[in-house]
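Okay, thanks for coming, everyone. I'd like to walk you through one structure today, so have a look at the screen.

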Amino acid sequence: MKQILIVGAGGFVGRHLVQECKKRNIEFFEITRKDYDSETNKLRPNLLKDFVPTSVIFCLGPTPARNLLDMEINLLLAFNMVEEISSWQIELEGFTYISSDAVYGGNNQLISVDTKPYAQDLHGAMHLSRE
């Protein structure tokens, strides 16, 4: 049975993923901003308990990167989350990172696999760095 871990379930994309999982009767676990310890930037202990995901969808962006401190927090949070998932020693079927069009300048252009990144601000640079 598929079990999806949605990291960033409280955000715009995450909320829609949660709705879609509910519609399709897919078992999922949501992680939102409140599930992180703001002092350590890590998940609260024993959060997942017995939930063992088969796939992870990472769409967490706790704050737009308006300055270097925001960017550092976002990058550290992503690093800690990936490190934590790696420590579970489970084999995932998939890990999907949902980024932002800010990586491509955010100018509503059609994006394809051949589009070159062009981050015009710290927010775009943060997403590109997390990719």
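Quick bit of vocabulary before we start: when I say polar contact, I mean a pair of N or O atoms within 3.5 Å, where, within protein, one must be able to donate a hydrogen and the other to accept it. Also, keep in mind that this is a predicted model.

So here's where that vocabulary comes in. N67 caps the N-terminal end of helix 2, with a side-chain oxygen 3.1 Å from the backbone nitrogen of L69. Helix 2 itself covers residues 68–87. Does its length add up, or what should we expect? At 1.5 Å a residue, its 20 residues should span 28 Å, and the end C-alpha atoms are 28 Å apart, so the two agree. Just past the helix, Q89 has a positive phi of about 50°.

Now the sheet. It's open, with four strands in the order 2-1-5-6, and the pairing is parallel. On the edges you've got strand 2 (27–31) and strand 6 (94–97), each pairing on one side only. From one strand to the next, the twist averages 15°. Strand 1, residues 3–7, and strand 5, residues 55–58, pair over four bridges, and L5 sits opposite V56 in strand 5.

What packs on this sheet? Helix 2 does, touching strand 1, strand 2, strand 5 and strand 6, and its direction makes about 180° with that of strand 5. Its buried residues include M71, L77, M81 and I85, and also a few polar ones such as N74 and N80.

Then there's helix 1, residues 12–23, lying across strand 1, strand 2 and strand 5 and running at about 160° to strand 1.

Notes
Residues are numbered from 1 along each chain as its sequence is written. This is a predicted model: local features need pLDDT of at least 70, side-chain atom pairs count only at pLDDT 80 or more; totals for chains, interfaces and linings use all residues. Side-chain values use heavy atoms; hydrogens and water are left out. Two strands pair if DSSP finds at least two bridges between them. Helices (H or I, at least four residues) and strands (E, at least two) are DSSP runs, numbered from the N terminus. Axes are lines fitted to C-alpha atoms, for helices over the stretch in contact, and angles run from 0 to 180 degrees between N-to-C directions. Contact means heavy atoms within 4.5 Å. The expected span of a helix is 1.5 Å times one less than its number of residues. Buried means under 20% relative accessible area, exposed over 50%, partly exposed in between (1.4 Å probe, protein chains only).
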